[in-house]
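Here are a few exercises to work through with the structure open next to you. Try each task before reading the solution under it.

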Amino acid sequence: MKNLQLQLRFLVPLILVLAITAWLSLPVVDRLTLRWFARDLDLRGELVANTLSESVADALREPNGRKLRALFGRAVQDERLVAIGWCSPMGEMLVRTPSFPPDVTCAQAVRLNGEADPALRLDGGPVHLSLHEVRAESGPVGQLVLLHDLSFIERRSQDTRRYLVLLITGLGVLIALVTMAVAQLSWRGWIKGTRALLRGEGLLRPLDGGGELAPLAAEVRTRLRDLEDEYRRAATHETGWDAARLQSLLRTQLRGDEILVVSNREPYIHEQDPAGSIVVRRPASGLVTAVEPVMRACSGTWIAHGSGSADRDVVDRHDRVSLPPGQDDYRLRRVWLTEEQEQGYYYGFANEGLWPLCHVAHVRPVFRESDWRHYREVNQRFADAVVAEARSDDPVVLVQDYHFALLPAMVRSRLPRATILTFWHIPWPNPESFGICPWRDELLEGMLGSTIMGFHTPTHGKNFLESVDRYLEARIEHEHSTVSFRGEQTFVAAYPISIEWPTASTLASWATPEACRAQVRATLGIPEDHRIAVGVDRFDYTKGILERLHAVERLLEKYPQWRDTFTFVQVAAPTRASLEEYQAFQQRIHALAERINRRFSAGGRGVVRLLAQHHEPEAVTRLYRAADACLVTSLHDGMNLVCKEFVAARDDEQGVLVLSRFAGAARDLPEALVVNPYHVEEVADALHRALTMPPAEQRERMASLRSTVREFNVYRWAGHMLADAARWRLRERVSRRVLRHGSAENDDPLARRA
Ligand code: G6P
């Protein structure tokens, strides 16, 4: 409306100026047309005179002029030629047609020749006079005076005026319309451009839109990105993340926005024990270790598969239960799956397909059509649960892991304003390895429903971007690590996951390392003088347990002094045991441990203690505190949190970490003895070095490791992701506000008045 008023202010004066110009120009136009026609009539007169000259010369031979009168009488039958007179060479008017004005003499005719005199009129109408000499063979014989009717010129002049007025009016209207259209278009273009700019679209996709704002948008985009990059670089060196700081981030930057977590594994499992009572168990899962403290800090809703035998017994009618038991910091919404679904989605597609595909640990992935169907179905079920649990239309959804690659796009289609952060807890392989998955495109498309796609390391993020580049029609900005796909943008970044650094009260609850050692020795029957090395893993082929046992065996071969003074304790938490690959692997490990124990037994007890059962976190901590060395020799691992747990457990700054270079954690923990797990000799040597390392060196290394893990803790992991999400949401909010403001402006009464 305001825009229209502006245009009218410009157009009304323009039309007035055009009208006045037209009006003022009319006499000029009249004069001009009169002159054109007079010239035309002169020419015409010349033509008539030439035609008549022979007949006139002939008629002059007759003395009474009768013939000449008859000739002139015929000539004036032409409707334009109204009268003719004949002047003798002496200047006498000898003959004239009856219509010739009697008062016009030959002398006057000479004066008026060729002039359009308004005073010269015939029967009330204007006439034009022209004089033409007639020559015979003897020379000039007289002059013809021709009077032409000029009234048609007046008529034409009136017509011309009318047309001129119409033309100028039409032209004025046309100019007005074109001006209005151009103004409207460019106004809209500016508004649209500005909105797109503020929405971030122009900033992010300047090449798509083009238009006059494109260079400006590109410039602003570059500046904004630089600022964000700078912010991220600065944030990398930030310290001091803890639960309180995460809570304050949620309060300030996310202003109490709703947080939903989706994962397959639930943080607490309720089981029926043989006595019939219900026990609560904490699963052995890096994911749970990391996400649970975050949930305690932000009090959201966690959606996970209810897999415990007593899970249904403790939920309310909405399948929800408050956790942790007795503290009620957050709620867990359990999703139930049929056995068939669990088989196809979890055991099949996730753990026989994606798990080996992403770990590249020399186990062939298996892809079955029926597993894929269940995977899709279960992703949809969880996406529906997210939508059902969301109390707002723009929750922050934290999607966890390879079980839910399709869920981000599914949630995005139902809650377009949601901020979806997907974290991939396992490695991402190179594009060639990933490319063997028959549904690679669908997986990538599903993941690109995320606002932020997080990996443990920059290498995994880079592999993901390269896979997108290889298999999808998407635009990747490597410089800013973003993917634009089907009009949506995904930011791909590395967020190294970690653990919760033990609080003072947790530390106070721990027994001393000596007490832990005594307890472990007593429980496992390990002699007093034995050095203890531990391995704590899920019983999984990616963890390098086989290679580790070979290294232990090699240690005993190569360094015989350890045959009577060393025990290796391997905790292997049962996992995915119904899968053939796992069964075979677990049997192989049991067989190998037995063989080594047969070969090297210390005091009648095996040197390898394989504890293939579930251990609660307290028991694991006790083991860490009792150990002289901890072996983490994964063949490939996204991050691996066992190594960080070991470091956190050693407040005595003793104990040596032997760490696989193929675990994501190796990047941040160089003070460990970093090894190639496939190289048995190297691991055996590292183990020997660990067992013989002087306490001072142990302290030095451990102190440094501890300060890293303390700083790079799980609150920092979550804090960085959520801060990125908050910035993203802020950007979205600003652009929405601008959009609202833009559309409201059209109806703004104040604007209308202005
Ligand atoms: C890895 C995966 C997690 C999973 C955990 C335990 O850490 O990234 O998603 O929860 O293993 O495996 P499970 O299959 O027992 O949940």
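**Exercise 1. Find out how far the chain's confidence values carry, and where they drop under 50.**

Start with the whole chain of this predicted model: the mean pLDDT is 87, and 86% of the residues reach 70 or more. Next, look for the weak stretches. Residues 198–210 stay under 50, and the model gives them 27 contacts beyond four places in sequence. Residues 745–754 are also below 50, with 11 contacts beyond near neighbours in sequence. How should you treat such places? Where pLDDT is low, don't read the predicted coordinates in detail.

**Exercise 2. Work out the strand order of the antiparallel sheet of 5 strands, and say which helix packs on it.**

Step one is the order: this open sheet reads β2-β1-β5-β4-β3, and its pairing is antiparallel. Step two, check the ends: β2 (93–96) and β3 (121–122) are the edge strands, each pairing on one side only. Step three, pick a pair from the interior of the order. β1 (residues 81–87) and β5 (residues 139–149) run antiparallel and are joined by 6 bridges. For a landmark on that pair, take Leu-81, which stands opposite His-148 in β5. Last comes the helix: α2 (residues 66–75) packs on the sheet and touches β1, β2 and β5. The direction of α2 makes about 155 degrees with that of β1.

**Exercise 3. Do the same for the parallel sheet of 6 strands, and explain why its edge strands each have a side without a neighbour.**

Read off the order first: β22-β19-β18-β23-β24-β25, an open sheet with parallel pairing. Now the edges. β22 (608–611) and β25 (673–675) each have a single partner strand, so one side of each has no neighbour in the sheet. On average, neighbouring strands here are turned by 20 degrees against each other, direction ignored. Then zoom in on one pair: β18 (residues 531–538) and β23 (residues 629–632) run parallel, joined by 2 bridges. Val-534 is the residue opposite Cys-630 in β23. To finish, add helix α19 (residues 545–558), which lies across β18, β19 (566–573), β22 and β23. Helix α19 runs at about 175 degrees to β19.

**Exercise 4. Describe the surroundings of the ligand: which residues are closest, and how much of its accessible area does the protein cover?**

Begin with the shell. It has 15 residues, and the closest are Arg-265, Ser-285, Tyr-346, Asp-401 and Arg-576. Two helices, α9 (286–298) and α11 (339–359), each supply at least two residues of this shell.

Now go through some polar distances to ligand oxygen atoms:

- Tyr-346 has a polar side-chain atom 2.4 Å from an oxygen atom of the ligand.
- For Arg-576, a polar side-chain atom lies 2.9 Å from a ligand oxygen atom.
- In the side chain of Arg-538, an N or O atom is 3.3 Å from an oxygen atom of the ligand.

Finally, the cover: on its own the ligand has 370 Å² of accessible area, and the protein covers 92% of that.

**Exercise 5. Track down a cis peptide bond and two residues with positive phi, and place them in their loops.**

Keep the background in mind: most residues other than glycine have a negative phi, and most peptide bonds are trans. The cis bond joins Leu-323 and Pro-324, with omega at about -15 degrees. Pro-324 belongs to the loop between β10 (320–323) and β11 (330–335). Asp-328 lies in the loop between β10 and β11 too, and its phi is positive, about 55 degrees, although it is not a glycine. The other case is Asn-640, whose phi is near 85 degrees. You'll find Asn-640 in the loop between β23 and α22 (642–649).

Technical notes. Residues are numbered from 1 along each chain as its sequence is written. This is a predicted model: local features need pLDDT of at least 70, side-chain atom pairs count only at pLDDT 80 or more; totals for chains, interfaces and linings use all residues. Side-chain values use heavy atoms; hydrogens and water are left out. pLDDT is the predictor's confidence in each residue, from 0 to 100. Contact means heavy atoms within 4.5 Å. Two strands pair if DSSP finds at least two bridges between them. Helices (H or I, at least four residues) and strands (E, at least two) are DSSP runs, numbered from the N terminus. Axes are lines fitted to C-alpha atoms, for helices over the stretch in contact, and angles run from 0 to 180 degrees between N-to-C directions. A residue is near a molecule or strand if one of its heavy atoms lies within 4 Å of it. A polar contact is a pair of N or O atoms within 3.5 Å; within protein, one must be able to donate a hydrogen and the other to accept it, and residues adjacent in sequence count only if both atoms are side-chain atoms. Accessible areas come from the Shrake-Rupley method with a 1.4 Å probe; for residues, only the protein chains shown count as cover.
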